[in-house]
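Q: I would like a close look at one part of this protein. Please start from one side chain and work outward through what surrounds it.

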Amino acid sequence: MRKKVMLWTMLGIGILAFGFIISIFLSKEKQIPYYEKTGNHVILSDKVNRLKSSNDKEKVFALARKALVKKTKTEDNIDWNNFEDVSLYIEKIDKNHQYYFSYTIKSTKPMVLTIRYDMLIKLNQNNLELASQDIEILAFNMKFIE
């Protein structure tokens, strides 16, 4: 009887330890690269991809779009459904939790335009899923590309 209790206790402890290890691994998977680091680090470009998965790439594109929509929310006449992603360049700059985003989009109607938005963004969460809920746009510039 005592051996059964000991066996079940050990099994329970093993399951809890395994769950703890998995939760740490999953939380690291969702982290934004270089969040706590100093110096400049390219995270995403045509030649560099420091993201862990294609799902993370979708999340940073969504983050760029969210920042753009947040910054232009006073402009009522923009239908963001008429724009598609073209490219995204992200660099961690040498300031705490701040990233440079160069986000290029193309309108699909009523006329085709390509626009690049350069944004300096401060992320207040070290989690790609939560970051878009708590962002600050510190600098913003728009340029039409021909």
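Why does phenylalanine 144 count as partly exposed?

A: This is a predicted model, so every value below is computed from predicted coordinates. Phenylalanine 144 has a relative accessibility of 48%. Buried means under 20% and exposed means over 50%, so a value of 48% falls in between and counts as partly exposed.

Now place the residue. Phenylalanine 144 sits in strand 5, which covers residues 135-145. Its side chain helps make a nonpolar surface patch. The other members are Met111, Leu113 and Met142. Together the four give a patch of about 380 Å².

Next, the strands around it. Strand 5 pairs with strand 4. The two run antiparallel, with 10 bridges between them. One facing pair is aspartate 118 and asparagine 141, the latter in strand 5. Strand 4, residues 114-123, also pairs with strand 3, residues 98-107. That pairing is antiparallel too, and nine bridges join the two strands. Here tyrosine 99 stands opposite isoleucine 121 of strand 4.

Look at the turn between those two strands. Strand 3 and strand 4 are joined as a hairpin, with six residues in the connection. Proline 110 belongs to this loop. The peptide bond leading into proline 110 from lysine 109 is cis, and its omega is near 0 degrees. Most peptide bonds are trans.

Return to aspartate 118. Besides facing asparagine 141, aspartate 118 forms a salt bridge with arginine 116, at 3.3 Å from N to O. Aspartate 118 counts as buried, because its relative accessibility is 14%. Arginine 116 is partly exposed, at 25%. Side chains of opposite charge can pair when their charged atoms come close.

The structure holds three salt bridges. Another of them joins lysine 59 and glutamate 129, whose closest N and O atoms are 3.0 Å apart. Lysine 59 is in helix 2 and glutamate 129 is in the loop between strand 4 and strand 5, so this pair ties together parts that are 70 residues apart in sequence. Follow strand 4 toward strand 5, then, and the loop between them leads back to helix 2 through this contact. Lysine 59 is buried, at 18% relative accessibility. Glutamate 129 is partly exposed, at 40%.

The remaining bridge also starts in helix 2. The side chains of arginine 65 and aspartate 85 meet at 3.2 Å, N to O. Arginine 65 lies in helix 2 and aspartate 85 in strand 2, 20 residues apart, so the pair links distant parts of the chain. Arginine 65 has a relative accessible area of 18% and is buried. Aspartate 85 is partly exposed, at 38%.

Strand 2 gives a further link to the helix. Leucine 88 is in strand 2. Leucine 88 counts as buried, because its relative accessibility is 6%. Its C-alpha atom is separated by 8.6 Å from that of valine 60, although the two are 28 residues apart along the chain. Leaving out residues up to four places away in sequence, leucine 88 touches Val60, Phe61 and Ala64, among others. Its partners also include Phe101, Ser102 and Tyr103. Leu44 and Ser45 are on the list as well.

Take serine 45 from that list. Serine 45 is in the loop between strand 1 (41-44) and helix 2 (54-71). A polar atom of its side chain lies 3.1 Å from the backbone nitrogen of lysine 47. Beyond its neighbours within four places in sequence, serine 45 is in contact with Leu88 and Tyr89.

Two loop residues deserve a check of their backbone. Histidine 97 is in the loop between strand 2 and strand 3. Its phi is near 65 degrees, a positive value in a residue other than glycine. Histidine 97 is buried, at 14% relative accessibility. Tyrosine 34 is in the loop between helix 1 (2-29) and strand 1. Phi of tyrosine 34 is also positive, near 65 degrees. Tyrosine 34 is partly exposed, at 25%. Most residues other than glycine have a negative phi.

Back to the start. Phenylalanine 144 is partly exposed and helps form a nonpolar surface patch. Its strand pairs with strand 4, and strand 4 pairs in turn with strand 3.

Conventions. Residues numbered from 1 in each chain as written. Predicted model: local features only at pLDDT ≥ 70, side-chain atom pairs only at ≥ 80, totals over all residues. Heavy atoms only, no water. Helix = DSSP H or I, 4+ residues; strand = E, 2+ residues; numbered from the N terminus. Polar contact = N/O pair within 3.5 Å; in protein donor to acceptor, adjacent residues only side chain to side chain. Contact = heavy atoms within 4.5 Å. Patch = residues over 30% accessible without salt bridge, like charges linked within 9 Å, V, L, I, M, F, W, Y side chains within 5 Å. Areas by Shrake-Rupley, 256 points an atom, 1.4 Å probe, with all protein chains shown as cover. Buried < 20%, exposed > 50% of the residue type's maximum accessible area, 1.4 Å probe, protein only. Pairing = 2+ DSSP bridges.
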